[in-house]
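Welcome! Here is a short, friendly tour of a protein structure for someone meeting it for the first time. Take a look at the sequence and the model before reading on.

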Amino acid sequence: YPPERVRNFSIIAHVDHGKSTLADRLLELTGTIQKGHGQPQYLDKLQVERERGITVKAQTATMFYRHTTVSQNSDAPRYLLNLIDTPGHVDFSYEVSRSLAACQGALLVVDAAQGVQAQTIANFYLAFESNLSIIPVINKIDQPTADPDNVKDQLKRLFDIDPSEALLTSAKTGKGLEQVLPAVIERIPSPPGKCDSPVRMLLLDSYYDEYKGVICHVAVVDGALRKGDKIASAATGRAYEVLDVGIMHPELTPTGVLYTGQVGYVISGMRSTKEARIGDTLHQAKITVEPLPGFKPAKHMVFSGLYPADGSDFEALSHAIEKLTCNDASVSVTKETSNALGMGFRCGFLGLLHMDVFHQRLEQEYGAQVISTIPTVPYIFEYGDGSKVQVENPAALASNPGKRVVACWEPTVIATIIIPSEYLSIMSRNFVIMLNHIFSQRALLKYRLPLKEIIVDFYNELKGITSGYATFDYEDSEYQQSDLVKMDILLNGQPVDAMATIVHNQKAQRVGRELVEKLKKFIERQMFEITIQAAIGSKVIARETLSAMRKNVLAKCYGGDITRKKKLLEKQKEGKKRMKRVGSVDIPQEAFHELLKVS
Ligand code: GTP
C-alpha cells in the first residue's frame, strides 16, 4: 500500500458519546473483528479500561477497506486504514497529542441528544492544533431526544463547521455507518513522508509482554522499516535490531515490513518500557536524523506515597510496582520512609485519574494491598538563601527547619465547563470566570484555578450545584504565587508525617477544623484517650478528643457467648486489614481518603 492508499485517523469524543462503540462497528464492517465477538470495546484491553469505560493506553488497529463508492466492481481500490484510539482524559493529553501527531484526520463524535460537551471542545482544539481534517459525526440519532439540527448549529457556532459536513449515525442500530469510511478516504489526506529517505518513525505507545518483551506501536513517517534493520532511539541514543515488525489486525500480525505512512508494531529487544518513551523518534541507526517535533518527558502533576497495607509486604509491593512501571513508564518512583507508615514509595503521576488507575492495576493485576497518602501537587518553595525546591511530599518541608520560606508557587489549570445557561448565575457566584460564551441555551465558561482544587472533590461539587448537568475538562496552566503553609496532624502529640498537607494560609483554620473532625469520625475508639490536633508550625489551630473505649463494651453488647464474640472479633479484624498503626493508634485507609476531600 503506497501512502496514497493509506489513511491514519483517530476518533475523539466526550466521554460516553459512543467512541468505543463506533470503533467496534468500523472494525466489524471491515471484517477486522467478527460481529458479536463477545468482547465489546475491542480496543480497551485492560481490565480497568473496561470497568471504567475509559481508554488509558493508545491502541491502533489496521483495517482493509474496498472503496466501492468510486467503483462498484471488484477492482475498486483497496485502502489500508489505521484507527489510532487515544485516551480521552486530560491526564493523558500528552499521549493524545502524540497519537494525533500520527494522524491526518479525526472523527469528532458528538451525542445527538447531549450535544457538544466540555471534552468535545478540548478534543476539538487538540485535533485542530494538530492540523487534522475533522469529520463531525453526530451519533446516537436513534434516541428519542436526538436533535441533530441543534448539534449542527452548535458545531457551526463553536467550531465554524459547515453543517453539511456532519455525518448522522447510530452506532447502535448501524444507521448511517456506511458513510463513515468513504468520508475518511475522501476527506482525510494521505500521510505525507518521504518513501526513499532513511526510516524515521514516531513512537506512539509501548507495552510489556511477558514473552515478547517490549512491543512499541509506531507510525512510520519516512522510509520503510524491515525485520533485521538496525534502529536507534533519538531520546536515549540506544541502538536495537528489529526482531519483528507488523500491523495490528487487530492482534499482532507480522508483515516483515512497514512502509511510509503505515502504523504498526515493532519488537526490538527493549527490556523495559522505560526505554520506549512516548513521542520519541526511532530512526535508522548510525545516522543523524532530525527528531520528530513534540517530544517531552512525562510531567508529574500529582504525587502520593504508597505503602504496604501490612508492613511485612514491602518486598511484595516493591516487586508489584517494579512490574507495573515496566508497563507504564510514565510513573516516577522513589523510595521514601515515613515515621508513621514505614518503608514505601513516593510516586509521581500524570494526574489524579492516572494515579487511581495505577492503584487499581496494582491491586487487580498484582494483588498488592496498598495504603496511599493524601495526594499532593508539586509546589515550589523559595527560601531566604535564594534556593528553590519542588516539594512533592509535604512532610519533606520539615527537613529544612533552618530555612525561612520567602515565597511559594502552586500549579494551576484552566478549566472549561459547559452548563445549561440557567445555572450561569450560580456559577458566577462561586467562581471568577475568564470567558463566558452562550450558545444554544448553554454556557461555555473558562476559568483558572489551583490544580489542588481539582484533586479535591471539585467535579462532584460542580455536579452538585448544577444538578449533574455540568461537564468539565481542564488543561495545565502556569504556576501562580500563593500564600501556602504546611499543616501537620498530631495524634497524641505526635506528628503523623503521612498526613501533613500544604494548604492556603487563609483557608488553614477552616481546613484544620474539618480535618480533625473527619479524623475523629474515622479513627475508632481505643482503650485510651486520643487527642487529634491540626497545627501550623508549633501553633495548634484545631483539636478534638476521642474518648477511651470502656473495657466491657463487647461483653455488654453480646452477652456471654464467647465463641460468637470471637467470631465477631475475627470478622472485625478482617475488615480492618487496611489499617496502619501509628504510634499506638490504628488509622484506617479511609481516614487518608477522607482527609483528601477536605484539604
Ligand atoms: P468512553 O470509552 O467512556 O470515552 O465512552 P465512549 O465514547 O467510547 O462511549 P461508548 O462507545 O462506550 O458508548 C457509551 C454508551 O452509549 C454505551 O452504553 C453504548 O452502548 C451507547 N451508545 C453508543 N452508540 C450509541 C448509539 O448510536 N445509540 C444509542 N442509543 N446508544 C449508543
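The notes below visit one helix and one strand, with their surroundings. Please keep in mind that this is a predicted model.

**Helix α1**

- Helix α1 covers residues 19-29, and eight of its eleven residues are buried, so the rest of the structure largely encloses it.
- The buried residues of α1 are K19, S20, L22, A23, D24, L26, L27 and E28.
- As a general point, an α-helix has 3.6 residues a turn, so residues three or four places apart point the same way.
- Several strands help to cover the buried residues of α1, including β1 (6-13), β2 (59-66), β3 (78-85), β4 (105-111) and β5 (133-139).
- A helix, α6 (180-187), is also part of that cover.
- After α1 comes G31, which has a positive phi, near 70°.

**Strand β23 and its cover**

- Further along the chain you will find strand β23, made up of residues 405-420.
- Of the 16 residues in β23, 14 are buried, which leaves the strand mostly covered.

**The partners of β23**

- With strand β21 (residues 379-383), β23 forms an antiparallel pairing over four bridges. Here, V405 of β23 sits opposite Y383.
- With strand β26 (residues 471-482), the pairing is antiparallel over ten bridges. Look for W409, which stands opposite Q481 in β26.
- With strand β25 (residues 442-450), β23 again pairs in the antiparallel sense, over nine bridges. In this case I414 has R448 of β25 as its bridge partner.

Note on methods:
Residues are numbered from 1 along each chain as its sequence is written. This is a predicted model: local features need pLDDT of at least 70, side-chain atom pairs count only at pLDDT 80 or more; totals for chains, interfaces and linings use all residues. Side-chain values use heavy atoms; hydrogens and water are left out. Buried means under 20% relative accessible area, exposed over 50%, partly exposed in between (1.4 Å probe, protein chains only). Helices (H or I, at least four residues) and strands (E, at least two) are DSSP runs, numbered from the N terminus. Contact means heavy atoms within 4.5 Å. Two strands pair if DSSP finds at least two bridges between them.
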